Amino acid sequence: MRRKELPNSSTKAALGQAKPAAGLSTLHHAAKNGSLDIIQLLIQKGSGDLVKLKTTSCGSTALHFAVEFNHLPVVEYLLRHHDIEINARNFKSQTPLDIACLHKRRSAKTLIERAGGLNVAFDPL
């Protein structure tokens, strides 16, 4: 069985921008489900701007989803990515650190704080 090849540079932009149900891209689905290998592949084969991509439904980034669903390896990987907007706000003006506090994700909160994340909407844990 032959492995499928990823698209070349002419279609790289489409890797993280497909908008299936609820306005989520492939990258957002991978972050929500904790699929680190898929996230690494998307960022490696796409562009660094994918980590800045927000959903159309709630304005969240992949980091928001990784924090909300407590996928720490994904949170760590995204925080190491140099193009991440650590203080990006969703449509409720929540940063990933706000999401960590809201959902009581202590480990994610610590990682984000160490990386320079700001808490703007909620009291710290």
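These exercises work through a predicted model of one protein chain.

**Exercise 1. Describe the fold of the protein chain from its secondary structure.**

Step 1. Count the elements. The chain has six helices and zero strands.

Step 2. Read them in order. The pattern along the sequence is α-α-α-α-α-α.

Step 3. Check how the chain packs. Of its 125 residues, 39% count as buried. Take the contacts with a separation of 6 or more: residues 24 or more positions apart account for 60% of them.

**Exercise 2. Find the largest nonpolar core and the helices that build it.**

Step 1. Start with the general rule. In soluble globular proteins, nonpolar side chains tend to be buried together.

Step 2. Size the core. The largest one has 26 residues. Ala31, Ile39, Leu63, Val67 and Leu78 have the most contacts inside it.

Step 3. Assign the core to helices. H1 (26-33), H2 (36-45), H3 (62-68), H4 (72-80), H5 (96-102) and H6 (106-114) each supply at least two residues.

Step 4. Zoom in on Leu63. Beyond four places in sequence, Leu63 touches Val75, Leu78, Leu79, Ile84, Ile86 and Pro96.

**Exercise 3. Classify Cys58 and Cys101 as buried, partly exposed or exposed, and count the disulfides.**

Step 1. Recall the cut-offs. Buried means under 20% relative accessible area, and exposed means over 50%.

Step 2. Apply them. Cys58 has 27%, so Cys58 is partly exposed. Cys101 has 6%, so Cys101 is buried.

Step 3. Count the disulfides. The structure holds zero.

**Exercise 4. Place Asn90 and list its surroundings.**

Step 1. Locate the residue. Asn90 sits in the loop between H4 and H5.

Step 2. Test its exposure. Relative accessibility is 9%, under the 20% limit, so Asn90 counts as buried.

Step 3. Look for a polar partner. A polar atom of the Asn90 side chain lies 2.9 Å from the backbone nitrogen of Gln94.

Step 4. List the contacts beyond four places in sequence. For Asn90 these are Cys58, Gly59, Ser60, His64 and Ile99.

**Exercise 5. Describe the largest pocket and its lining.**

Step 1. Begin with the principle. Rolling a probe the size of a water molecule over the atoms shows where empty space is left.

Step 2. Give the volume. The largest pocket holds about 210 Å³ of space.

Step 3. Name the lining. It has 13 residues, and Cys58, Ser60, Glu68, Asn90 and Gln94 lie nearest the pocket centre.

Step 4. Trace the lining to helices. H3 and H5 are the elements that give two or more residues. H3 gives the largest share, three residues.

Step 5. Link back. Asn90, one of the residues nearest the pocket centre, is also in contact with Cys58 and Ser60.

Conventions. Residues numbered from 1 in each chain as written. Predicted model: local features only at pLDDT ≥ 70, side-chain atom pairs only at ≥ 80, totals over all residues. Heavy atoms only, no water. Disulfide = S-S within 2.5 Å. Buried < 20%, exposed > 50% of the residue type's maximum accessible area, 1.4 Å probe, protein only. Core = buried A, V, L, I, M, F, W, Y, C linked by side-chain atoms within 4.5 Å. Helix = DSSP H or I, 4+ residues; strand = E, 2+ residues; numbered from the N terminus. Contact = heavy atoms within 4.5 Å. Polar contact = N/O pair within 3.5 Å; in protein donor to acceptor, adjacent residues only side chain to side chain. 1 Å grid on protein atoms, 1.4 Å probe; cavity = no way out; pocket = protein on both sides within 12 Å on 5 of 7 lines; lining within 4 Å. Points joined across faces, edges and corners; volume = space filled by probe spheres on them.
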